[in-house]
Amino acid sequence: MTTLISQSAIWKQLQAHQQTLARTRLRELFAQDQHRFEQFSITASGILLDYSKNHLTPQTLTLLLQLAEEVKLKEWIERMFSGEKINHTEQRAVLHIALRNRSNRPFTVDGHEVMPAVNAVLGKMRQFSEAIRNHDWRGYTGKPIDTIVNIGIGGSDLGPRMVARALRAYQSPHLRSYFVSNVDATHLGETLTEVNPETTLFIVASKTFTTQETMLNARSARQWLVQKLGNEEAVAKHFVAVSTAKQLIIEFGINPSQMFEFWDWVGGRYSLWSAIGLSTAITLGMDNFEELLAGAHELDQHFYTAPLAQNLPVLMGLIGVWYTNFFNTTTQMVLPYDFALEHLPSYLQQLVMESLGKRVTREGKLVDYLTCPVIGGAPGNNGQHAFYQLLHQGTQLIPADFIVAIESQYDLPGHQAATLSNALAQSHTLMQGRTAEETKAMLLAELSVSSATSIQQVEALVSHRTFPGNQPSNTLIYQKLTPKILGALLALYEHKVFVQSVCWDINAFDQWGVELGKQVANVLLPALVGENTTQLEAFDASTRGLVEYIKKSV
């Protein structure tokens, strides 16, 4: 795209339409159309999307779909599914969809069919996970493995951690899992106090086996294990690697037969479907892991084949563009009313902000429009007692996604009805609000007042207890969080992000902003440990002063 999308005719039409529509409140849109839910809801892959509580009309959708045509969204979807190197800054294909390709349709990268290699790794994961679960693989002292510690960071941690938590109800009762990511010694140190070296398996997840945080944690865990078990040979029985760096793995002490491969066309934040998911394959069982893949594959097929106007990821992506660029919203809330999804907001923070937090187009031009919201959120009902006050009576327009299970993974009488009533109440109240007149009538009815003094007190309270409403939201609802439904839900958000990246003409699959901080940290590390201070001269006075203060304090 040679010119910015913001200069296009359709963009200007959307701007004009927003100015007109902004005069109509959401409660008015519902009053005008009693069939709004039926008109603005759609179901696919076991997930219902209700997008009726949004600032949109049929005309809005028509214009947004014209925007999708303008940016050639269908062509970009085809390019991704065909294995084209759409991650152009790294010259890589983007084929996480191949990892969950249950139909086994061919996917080609650089003229090579990738599915045989994908299936081989899945087969190896099944063999190894079953060996752990059946006690055929044992630790150095002969005891069976009962604890899995995944050592990784970013996509090698957030994805598997989120899936393990979401599907804990499906986990083997004889296995438990931990996830270590932070280089702060507290994270690994606390984990090591809770595990038994004789029965613990460490999975080191690093493609290059050089990631600073991961390898520092891995080396410390290795040292701890050898100290506890008294022999270097124990490493081979208690460590496996998800990596491609065979020689470094051998030097670490891991048998190369216990190396699980993945490929450069698998981005970190899209890698939970690969061997990065080994920890979850072990604890959940490979059958459940493959159900996760199947759910994602089903949503992939929907995204690939459904018309844009009936396409869940396309609709969610376009609605996100609508708010970010035409209502100038800067925040998006993710509100799962399914406590198993408590880590989903953190997972989506990486998926969305690492993918869309870009300031230049694919051609390197500075954009003149917003490209990414800040993702926040927490499980309901917890969030209601934390930040919902801002949503209800703050000064910002903040779109939200309510994610709701009809059935819990655990059947405790009364709990799910309470959860559902809160979810529906919050989405309704955020949209509907309560006017000053309604608030005054309510207060008068509550107090049953007639004296002038009491009426004055009511008048003073009205503004404090009025709710402007007009806050938009989507509701995603499914029967029960199963591996298959979770797979579909995650694929839905992945493709939503891709849709937005196409609309904004940015590369969603690189993350150069992550790299600079790593490079600078590698320069500062020698100065902090006293090995080299000459390079500090290149830093600002604040950083130099902080380094000196820290060195004097240790």
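**Exercise 1.** Is R126 buried, partly exposed or exposed, and what is the relative accessible area of R126?

*Solution.* The model under study is predicted, and the classification is read from its computed surface. Buried requires under 20% relative accessible area and exposed requires over 50%, with partly exposed in between. R126 has a relative accessible area of 22%, so R126 is partly exposed.

**Exercise 2.** Identify the salt bridge between R126 and E290, and state which parts of the chain the pair ties together.

*Solution.* The criterion is a side-chain nitrogen of Lys or Arg within 4 Å of a carboxyl oxygen of Asp or Glu. The side chains of R126 and E290 satisfy this with an N to O distance of 3.2 Å. E290 belongs to helix α14 (residues 286–305) and R126 to helix α7 (residues 115–133), so the pair ties together parts that lie 164 residues apart in sequence. As a further step, the pair can be placed in its surroundings: R126 and E290 are linked with R102, E130 and D287 in a network of salt bridges.

**Exercise 3.** Set the salt bridges E198–K143 and R92–E90 beside each other, giving distances and, where available, locations and exposure.

*Solution.* E198 and K143 meet through their side chains at 3.2 Å, N to O. This pair links distant parts of the chain, with E198 in the loop between α9 (185–192) and β7 (200–205) and K143 in the loop between α7 and β5 (147–151), 55 residues apart. K143 is partly exposed at a relative accessible area of 38%. For R92 and E90, the closest N and O atoms are 3.7 Å apart; R92 is partly exposed at 26% relative accessibility, and E90 is likewise partly exposed at 21%. By the distance rule, the count of salt bridges comes to 20.

**Exercise 4.** Describe the open sheet of six strands, and explain why β1 and β11 each have one side without a neighbour.

*Solution.* The strand order is β1-β2-β13-β12-β10-β11, and the pairing is mixed. β1 (41–44) and β11 (374–377) stand at the edges with a single partner strand each, so one side of each has no neighbour in the sheet. From one strand to the next, the twist averages 20 degrees. Within the sheet, β10 (residues 331–337) and β12 (residues 400–407) pair in the parallel sense over five bridges, and V334 has D401 in β12 as its bridge partner. Helix α16 (residues 344–356) lies across β10, β11 and β12, and runs at about 175 degrees to β11.

**Exercise 5.** Which residues form the nonpolar surface patch, and which elements supply them?

*Solution.* The patch is formed by L525, L528, V529, L546, Y549, I550 and V554, which together have about 730 Å² of accessible area. Helices α22 (512–528) and α23 (541–553) each supply at least two of its residues, the largest share, three residues, coming from α23. V529 sits in the loop between α22 and α23.

**Exercise 6.** Examine the backbone at D110, D505 and the G380–N381 peptide bond, adding the exposure of the two aspartates.

*Solution.* D110, although not a glycine, has a positive phi of about 55 degrees; D110 lies in the loop between β3 (108–109) and β4 (112–113) and, at 55% relative accessibility, is exposed. D505 also has a positive phi, near 60 degrees, and is found in the loop between α21 (483–504) and α22, but at 5% relative accessibility D505 is buried. Finally, the peptide bond from G380 to N381 is cis, with omega near 15 degrees, and N381 is placed in the loop between β11 and α17 (388–393).

How values were computed
Residues numbered from 1 in each chain as written. Predicted model: local features only at pLDDT ≥ 70, side-chain atom pairs only at ≥ 80, totals over all residues. Heavy atoms only, no water. Pairing = 2+ DSSP bridges. Helix = DSSP H or I, 4+ residues; strand = E, 2+ residues; numbered from the N terminus. Axes fitted to C-alpha atoms, helices over the stretch in contact; angles between N-to-C directions. Contact = heavy atoms within 4.5 Å. Patch = residues over 30% accessible without salt bridge, like charges linked within 9 Å, V, L, I, M, F, W, Y side chains within 5 Å. Areas by Shrake-Rupley, 256 points an atom, 1.4 Å probe, with all protein chains shown as cover. Buried < 20%, exposed > 50% of the residue type's maximum accessible area, 1.4 Å probe, protein only.
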